[in-house]
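Let's walk through this one together, with a few questions and answers to go alongside the viewer.

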Amino acid sequence: MKCRRCGKQAEIELRSHHTAFCRDCFKLYFLRQVKRAIKEQHMFSPRERILVAVSGGKDSLTLWHILLELGYNASGLFVDLKIGGFSEHAREKVEKFAQKRDAKLIIVDLEKEGIPIPKVVKKTGKEPCAICGQVKRYFFNRIAYEQKFHILATGHNLDDETSRLLANLLRWQMSYLVDQGPVLPPAYRLVKKVKPLYRLTEYEIAAYAFINNIDYFAGKCPFSKGATFLRYKHYINQIEYEFPGTKLDFYQGFLKKMKPFLTPFQREETTSSQVCPRCGYPTLAPLCGICRLKEEIEKAG
Amino acid sequence: MIQVRFFPENKEIKLEGPLTVKQLFRKLNLLPQTALVIRNGKILTSDLTLKNGDEVEIRIITSRG
Ligand SMILES: [Zn+2]
Ligand SMILES: [Zn+2]
């Protein structure tokens, strides 16, 4: 297979675009997709300070890599979940990445916060993925706001977005559908959230990470055994295989044709102008979810 | 034989060549574009053929869950 742009041997096949590229031309294509996402969705300007939520995986490190390459002022935030045999390896990759590029990295250590994930799961019996998501979201939001970042960027890709969209549609989860999209506007004490990789598939990101020598962590979280969203990804990829291009059309169609009709649901975090007296996080309750959790863990000893 | 190493699992298998990348995917029950096939530092497109003696790495991108 030859590169459509320059005729050299191709390395990356893009079935959805009925084309293939060599690595140099693929890089151009990839950067163009990111720039287009940033511009079309009015994500941010070159002057704004961006906080990238990094897990050590291919998506978030690729996002950080690209934002730095494009000259943006992008710092990283890593939440060390303290999941043995997993978090320390992810952290090492993130630290090396930041060192190599002389980029600013902020680390939240859940041990120091008193809520390492394995302990929380053991003491409360809560579902690990749900609690982990809640804790990460809390620190991403809080640190972005407190350290005066303008933007919180995450590495969500087209596969993440479409599998979530499908899952939400199948259950008509209106409150989730409203919030779905590449940009979530700012709210009281919450900075704007963006997903600059939303136009790119996991395959494209993995290929980009490989040809750019981005050293990422590919291990699996021991808690996420057969997460259901992976099933949805698989089903969507099966449809994409038979009808190339469906994924991007499905998502873009939702944004253009459906989303404008959805009236914003009231989310606790965004509707409240009341804050947690302990940590300042927006909440309607007397204490925010994380401060309540900390209390629960302390009591349990 | 073709030496196939899986990343990140580090598992290894051997397959009888020649085999196109497309056939390799079918053999391993993988959908196209859910894994990268890498030989000598290059990603291979589905039309390319693997020969006996080749060493390839397969990076699984999307697992079935
Ligand atoms: Zn080319
Ligand atoms: Zn609080």
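Q: Are A:C276 and A:C291 buried or exposed?
A: This is a predicted model, so the answer rests on computed accessibility. Buried here means under 20% relative accessible area. By that cut-off, A:C276 and A:C291 are both buried.

Q: Which residues coordinate the zinc ion (ligand 2)?
A: The donors follow the spacing C-x2-C-x8-C-x2-C along the chain. Each donor atom is an SG, at 2.2 to 2.3 Å. The residues are A:C276, A:C279, A:C288 and A:C291.

Q: How many residues apart in sequence are the parts that A:C276 and A:C291 tie together?
A: A:C276 sits in the loop between α11 (268–271) and α12 (289–300) of chain A, while A:C291 belongs to helix α12 of chain A. The pair therefore links parts whose separation in sequence is 15 residues.

Q: What is the geometry of the site of the zinc ion (ligand 1)?
A: Its protein donors are the SG atoms of A:C3, A:C6, A:C22 and A:C25, lying 2.3 to 2.4 Å from the ion. Four donors count as tetrahedral if all angles lie between 85 and 135 degrees. The angles among these four donor atoms are 100 to 118°, so the site qualifies as tetrahedral.

Q: Which helix of chain A holds A:C25?
A: The donors of the zinc ion (ligand 1) are spaced C-x2-C-x15-C-x2-C along the chain. A:C3 lies in the segment before β1 (12–14) of chain A, so its pairing with A:C25 ties together parts 22 residues apart in sequence. Both cysteines, A:C3 and A:C25, are buried. The helix that holds A:C25 is α1 (residues 23–40).

Q: Why is α2(A) largely enclosed by the rest of the structure?
A: Helix α2 (residues 58–69) of chain A has twelve residues and reaches 16 Å from its first C-alpha to its last. Its buried residues include A:L61, A:W64 and A:I66. The helix is largely enclosed because the buried residues number ten of the twelve.

Q: Which element gives the most to the lining of the second largest pocket?
A: About 390 Å³ of space lies in this pocket. Among the residues closest to its centre are A:Y241, B:K22 and B:F25. At least two lining residues each come from α9 (228–242) of chain A and from α1 (21–27) and β4 (35–39) of chain B. With four residues, the one giving the most is α1(B).

Methods: Residues are numbered from 1 along each chain as its sequence is written. Chains are lettered from A and ligands numbered from 1 in the order in which they are written. This is a predicted model: local features need pLDDT of at least 70, side-chain atom pairs count only at pLDDT 80 or more; totals for chains, interfaces and linings use all residues. Side-chain values use heavy atoms; hydrogens and water are left out. Donors are N, O and S atoms within 2.8 Å of the metal (3.2 Å for Na, K and Ca); water is not among the atoms, so sites may look incomplete. Four donors count as tetrahedral if all angles lie between 85 and 135 degrees; four count as square planar and six as octahedral if opposite donors are over 155 degrees apart and all others between 65 and 115; anything else is irregular. Buried means under 20% relative accessible area, exposed over 50%, partly exposed in between (1.4 Å probe, protein chains only). The expected span of a helix is 1.5 Å times one less than its number of residues. On a 1 Å grid over the protein atoms alone, a cavity is a set of points where a 1.4 Å probe fits but cannot get out, and a pocket is an open set with protein on both sides within 12 Å along at least five of seven lines; lining residues have an atom within 4 Å of a point. Grid points are joined across faces, edges and corners, and a volume is the space filled by probe spheres set on the points.
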